[in-house]
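Colleague: I have just opened this model and would like some help reading it. Could we go through it together?

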Amino acid sequence: PGAVQICVRDNGTGIHPEDLYHIFKRFYRLDDARSRDGSFGLGLSIAQSIVDTHHGRIWCESATGLNSFFVELPQ
C-alpha cells in the first residue's frame with residue numbers, strides 16, 4: 001500500500017530544533033506575542049489529531065528560514 005504526502009512550505013523565521021518537538025502540543029506557541037493576535041496554539045494540535053485518526057503522520061522540518069510541514073496519509 002502506498003501513501004499520499006502533502007507539503008506546505010513558507011519562508012520566514014526558522015523554527016528552533018527544540019521547538020519542532022513541541023509545536024504539535026496543545027496551547028504551545030513559539031512566540032508569546034502571538035497570544036495578542038487571537039491565537040490559542042491549537043491549530044497544529046488539531047491537525048495532528050485529524051491525521052492520527054486517519055493513521056497518518058504529520059511533522060515539520062526547518063532549515064535556513066524555510067519551514068516545511070508534511071502530512072502523510074495511507075491510501
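Modeller: Gladly; we will go from the overall layout to the sheet and then to the surface. Please keep in mind that this is a predicted model.

Colleague: Which elements does the protein chain have, and in what order do they run from the N terminus?

Modeller: A good start is to list the elements along the chain. Here there are two helices and three strands, and from the N terminus on they follow the pattern β-α-α-β-β.

Colleague: What order do the strands take in the sheet?

Modeller: Order in the sheet is read across the strands. In this open sheet of three strands it is β1-β3-β2, with antiparallel pairing. β1 (3-11) and β2 (57-63) are at the edges with a single partner strand each, so one side of each has no neighbour in the sheet. On average, neighbouring strands are turned by 15° against each other, direction ignored.

Colleague: How many bridges join β2 to β3?

Modeller: Seven bridges link β2 to β3 (residues 66-74), and these two strands run antiparallel. To see one position in detail, find R57, which stands opposite E72 in β3.

Colleague: Now the surface. Is V4 buried, partly exposed or exposed?

Modeller: We judge that by relative accessibility, where partly exposed lies between under 20% for buried and over 50% for exposed. V4, in strand β1, has 41% relative accessibility and therefore counts as partly exposed. Together with I6 and V8, V4 forms a nonpolar surface patch with about 250 Å² of accessible area.

Colleague: And what share of the 75 residues is buried?

Modeller: Buried residues make up 19% of them. The protein chain exposes about 5,600 Å², of which carbon and sulfur atoms supply 54%.

Notes
Residues are numbered from 1 along each chain as its sequence is written. This is a predicted model: local features need pLDDT of at least 70, side-chain atom pairs count only at pLDDT 80 or more; totals for chains, interfaces and linings use all residues. Side-chain values use heavy atoms; hydrogens and water are left out. Two strands pair if DSSP finds at least two bridges between them. Helices (H or I, at least four residues) and strands (E, at least two) are DSSP runs, numbered from the N terminus. Axes are lines fitted to C-alpha atoms, for helices over the stretch in contact, and angles run from 0 to 180 degrees between N-to-C directions. Patches are made of residues with over 30% relative accessible area and no salt bridge: like charges are joined within 9 Å, nonpolar side chains (Val, Leu, Ile, Met, Phe, Trp, Tyr) within 5 Å. Accessible areas come from the Shrake-Rupley method with a 1.4 Å probe; for residues, only the protein chains shown count as cover. A salt bridge is a side-chain nitrogen of Lys or Arg within 4 Å of a carboxyl oxygen of Asp or Glu. Buried means under 20% relative accessible area, exposed over 50%, partly exposed in between (1.4 Å probe, protein chains only).
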